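The following exercises concern contacts, nonpolar cores and salt bridges. Please attempt each task before reading its solution.

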Amino acid sequence: MNSDSPQTNSNGDVNEQITVEANVADSATANTEDGKSTTPVDTASSSPEIESLKAQIDERSSQYMRIAADFENYRKRTLKEKDDLELQVKRNTITELLPIIDNFERARAQIKPQNDGEMAIHKSYQGVYKQLVDCLKRLGVSPMRPEGQEFDPNEHEAVMREPTDEYPEGTVLEELVRGYFLGERVLRHAMVKVAAQKEDASSVENSEAGEASTQSQ
């Protein structure tokens, strides 16, 4: 009986060792399943790498924002240059047509039809004039109406001055050559006659007397 006990204990130790080794193997297999590593992450050594990546991301974001802002400014500048060029071409083209309008208006003011034939011709070219004016109106051209207004050097060009006491000095008395707007901008300045201060008779006499005295000396 005593001789069997040591053998039983030996077999039990062997079975226990086999069980422990099997558990360790199962644990290792479970941890490495699907290629997952059981190696612990060294957070201390990876922290500088994360900070470096963050810095690179911030730098790339800043570069992107600067490029986007530069592109937006370029787009706006290009659109403005395009609009300015189109406006300049339109101004130049319309300016070339204004003398034709002037001639139509002079003809309408000077020609007085005397018979039915002349009236028919008059109506014919006036119809062409109206078509031209309507076309310019659709393009944004509008005539100035400066009579009775105060002289404005931004819109008017004074070519004559007329002494008068009926209107305040600087009032536009007559538009000699019509001015035009293109939108809100001046397309062509109006040539006008402006009221000047009328001298008193006594002032004129004193001036003439002074001139006569100077000549006698």
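**Exercise 1.** State which residues Leu-187 touches, leaving out residues up to four places away in sequence.

*Solution.* Step 1: apply the criterion for contact, namely heavy atoms within 4.5 Å. Step 2: list the partners of Leu-187, which are Arg-91, Ile-94, Thr-95, Leu-98, Val-141, Tyr-180, Phe-181 and Leu-182. Step 3: note the basis of the result: the model is predicted, local features need pLDDT of at least 70, side-chain atom pairs count only at pLDDT 80 or more, and totals for chains, interfaces and linings use all residues. Residues are numbered from 1 along each chain as its sequence is written, and side-chain values use heavy atoms, with hydrogens and water left out.

**Exercise 2.** Describe the largest nonpolar core and explain where it lies with respect to domain 1 and domain 2.

*Solution.* Step 1: recall that a nonpolar core is a set of buried Ala, Val, Leu, Ile, Met, Phe, Trp, Tyr and Cys residues joined through side-chain atoms within 4.5 Å. Buried means under 20% relative accessible area, exposed means over 50%, and partly exposed lies in between (1.4 Å probe, protein chains only). Step 2: of the 13 residues in the largest core, Ile-94, Ile-101, Val-141, Tyr-180 and Leu-187 touch the most other members. Step 3: H2, H3 and S4 each supply at least two residues of this core, and the largest share, five residues, comes from H2. Helices (H or I, at least four residues) and strands (E, at least two) are DSSP runs, numbered from the N terminus. Step 4: domain 1 (48–139) and domain 2 (141–200) both contribute residues, so the core lies between them; the domain bounds come from an automatic or database domain assignment.

**Exercise 3.** Explain what the salt bridge between Glu-105 and Arg-178 ties together.

*Solution.* Step 1: a salt bridge requires a side-chain nitrogen of Lys or Arg within 4 Å of a carboxyl oxygen of Asp or Glu. Glu-105 and Arg-178 meet at 3.3 Å, N to O. Step 2: Glu-105 lies in helix H2 (residues 43–110) and Arg-178 in the loop between strand S3 (172–177) and strand S4 (180–182), so the pair ties together parts that are 73 residues apart in sequence. Step 3: Glu-105 is buried, at 15% relative accessible area, whereas Arg-178 is partly exposed, at 22%.

**Exercise 4.** How far apart in helix H3 are Lys-130 and Asp-134?

*Solution.* Step 1: the closest N and O atoms of this salt bridge are 3.0 Å apart. Step 2: the two residues are four residues apart in helix H3 (residues 116–138), which means a separation of about one helical turn.
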